Amino acid sequence: MRGFLASSIGVTAAAVLSLPLALSSGAGAATTPSAARALTAGAVPGSTESLPLSVLPRDRSLRAPGEQGVPQRDVHPFSLVGVVWRDPAAELEGRVQVRTRATGTGHWSGWQEVETHNGDHAPDPGTAEHDSGRLRGSTAPLWVGASDGVEVRVRPDAAPAHRTAGSAANSAAPAPLPKGLRLELIDPGEEPPPGDEAMSGDGTSTAGAPAQGARSGLLTAESAAASAVNADLAPLGADVIPALSKKQTESDLIDARGGEVDAKVRPYIGPRPRIVTRKGWGADEKLRERNFGYTSKVKAAFVHHSATGNNYTCAQAPSVIRGIYRYHVKSLHWRDIGYNFLVDKCGNIYEGRAGGVAKPVMGAHTLGFNTNSMGIVVLGTFGSSNPPADAVDAIARLTAWKLGLYGVNPSGKTYLTSAGGNLYRKGKSVRLNAISGHRDGFATECPGRRLYNKLGTARSTSASLQGR
């Protein structure tokens, strides 16, 4: 792991293919540049269909004034849906509901709610990503499974009734909806072919988990760049960064720091968990911006839920991730997926935003607090549903390792400086838990009440894994 904290901003394909790969424990044999060119495969295909919303005729008594939507229609195949609008600062004050037709069966679902308040997941103000002028406002994405028909309705909230002197309450007028509403239908592409072995988050075999082995084909230049920043942890083109024992993780960290006078004084760090790489979940690296962005360190982890619903299997998790990735980049115009790591209901851990899993990659997960932090999202919705124990355990295992790389106690406190938000003004130094929920940095329901209530367990388990 020597040099794993060094920045790799602006790694190019040419540089990647000429990198000498000095791999440490668990990485396997080094891959030569010529071998790298012989590694795998083109991007997993996917697509986005974007449909404008229009005012729906009031031919039904249930329709509210100003309701917009898309009438029931046939569409290209998709599995994930969201609604976007022009102004990222505008809030959608209303309800978004969608119903879909399952591919192959013709069965229409009931109406499903889409989480409308999603502006708290975004790049920080003052960054190039935030100030590009291209960002859009959006709902959270919703995973609906393979579908080929859709209907959506957006109902504005009624403004509070008001009274004038000597008069009865006037009729409530609907709140205006944001301008430029569009329905985004995301096809995440085909599932990656299975590898040699299916593994659970802790490295033990389990059915339905993402594959362990590498897939065949040729690496694109963009894929090689995204893989090379993890070259100290796994071979170029690897689908998985393998787990390490606590002892080996400690030894690698000591070695990366140039050795210690007394190697018997072990650092506080948890064993490195198994992490599915971007290649492992099938990221199309041509979608994201070419270069990587970094902050200076990692002082805290913010935990999120994706609000995409809980109706997915662990075998479908890579598709859900590819859908979120495409939604963030193609629909919202972010530079990459917003989260640094993703966790599924089986406890599998996935690499998120490109730049290296051990490095301080700048994410777009917690508006105002993306600097010197990392974002971990659990796939699902946990306002009224309990998060799986495996997912909470994965948060603990991941933070024990990643926060340990930066000398952070998972059960301790830290200070971050706000870049601006609805809880803390720009420039304010805020004392936070080293493992915080999204709602600790921004007024939001995320990560859902049930998941938020489990963060104390994650903190204590993470600290124990570090040996504290």
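Asp74 is exposed in this predicted model, its relative accessible area being 54%, and the residue takes part in a salt bridge with Arg101 in which the closest N and O atoms are 2.9 Å apart. Arg101 sits on the other side of the burial scale, since a relative accessibility of 17% makes it count as buried. The two residues belong to separate strands, Arg101 to S4 (residues 94-102) and Asp74 to S3 (residues 68-85), so the pair ties together parts that are 27 residues apart in sequence. The protein has 468 residues, of which 55% count as buried, and its secondary structure comes to nine helices and 17 strands.

**Overall organisation**

- When contacts between residues at least 6 apart in sequence are considered, 75% of them join residues that are at least 24 apart.
- The structure holds 14 salt bridges, including the pair of Arg101 and Asp74 and those described below.

**Further salt bridges**

- Strand S4 also contributes Arg95, whose side chain meets that of Glu113 in a salt bridge with an N to O distance of 2.1 Å.
- That pair links distant parts of the chain, with Glu113 in strand S5 (residues 112-114) and Arg95 in strand S4, 18 residues apart.
- Both partners are partly exposed, Glu113 with a relative accessible area of 41% and Arg95 with a relative accessible area of 40%.
- Within helix H7, Asp393 and Arg397 lie four residues apart, about one turn of the helix, and they form a salt bridge whose closest N and O atoms are 2.9 Å apart.
- Asp393 is partly exposed at a relative accessible area of 34%, whereas Arg397, with a relative accessibility of 13%, counts as buried.
- A network of salt bridges links four residues, namely Arg278, Glu285, Arg288 and Asp336.

**Packing of helices H7 and H9**

- Helix H7 (residues 389-405) packs with helix H9 (residues 455-465) at an angle of about 45 degrees, and their axes are 8 Å apart.
- This angle makes H7 oblique to H9, because it falls outside the range under 35 degrees that counts as roughly parallel and the range of 65 to 115 that counts as roughly perpendicular.
- The handedness of the crossing between H7 and H9 is right-handed.
- On the H7 side the contact is made by Val392, Asp393, Ile395, Ala396, Arg397, Thr399 and Ala400, which meet Ala458, Thr461, Ser462 and Leu465 of H9.
- By residue class, the contact of H7 with H9 divides into six nonpolar, three polar and two charged residues.
- Asp393 and Arg397, listed among the H7 residues that meet H9, are also the partners of the salt bridge within H7.

**Helix H4 and its surroundings**

- In helix H4 (residues 246-256) the buried residues are Thr249, Glu250, Asp252, Leu253 and Ile254.
- These buried residues of H4 pack against H7, the helix that also packs with H9.
- Lys247 likewise lies in helix H4, but this residue is exposed, with a relative accessible area of 63%.
- The C-alpha atom of Lys247 is separated by 8.8 Å from that of Arg266, a residue 19 positions from Lys247 along the chain.
- Gly258 follows H4 and has a positive phi, near 90 degrees.

**Backbone conformations in loops**

- The peptide bond that runs from Cys446 to Pro447 is cis, with omega near 10 degrees, and Pro447 lies in the loop between strand S17 (435-437) and helix H8 (449-452).
- His333 is a residue other than glycine with a positive phi, near 70 degrees, and His333 is located in the loop between helix H6 (317-331) and strand S12 (341-343).
- With a relative accessibility of 18%, His333 counts as buried.
- Asn372, although not a glycine, has a positive phi of about 60 degrees, and Asn372 is found in the loop between strand S13 (349-351) and strand S14 (373-378).
- Asn372 counts as buried at a relative accessibility of 14%.

Note on methods. Residues numbered from 1 in each chain as written. Predicted model: local features only at pLDDT ≥ 70, side-chain atom pairs only at ≥ 80, totals over all residues. Heavy atoms only, no water. Axes fitted to C-alpha atoms, helices over the stretch in contact; angles between N-to-C directions. Parallel < 35°, antiparallel > 145°, perpendicular 65-115°, else oblique. Left-handed = near helix turned anticlockwise from the far one by under 90°. Contact = heavy atoms within 4.5 Å. Nonpolar A, V, L, I, M, F, W, Y, C, P; charged D, E, K, R; others polar. Buried < 20%, exposed > 50% of the residue type's maximum accessible area, 1.4 Å probe, protein only.
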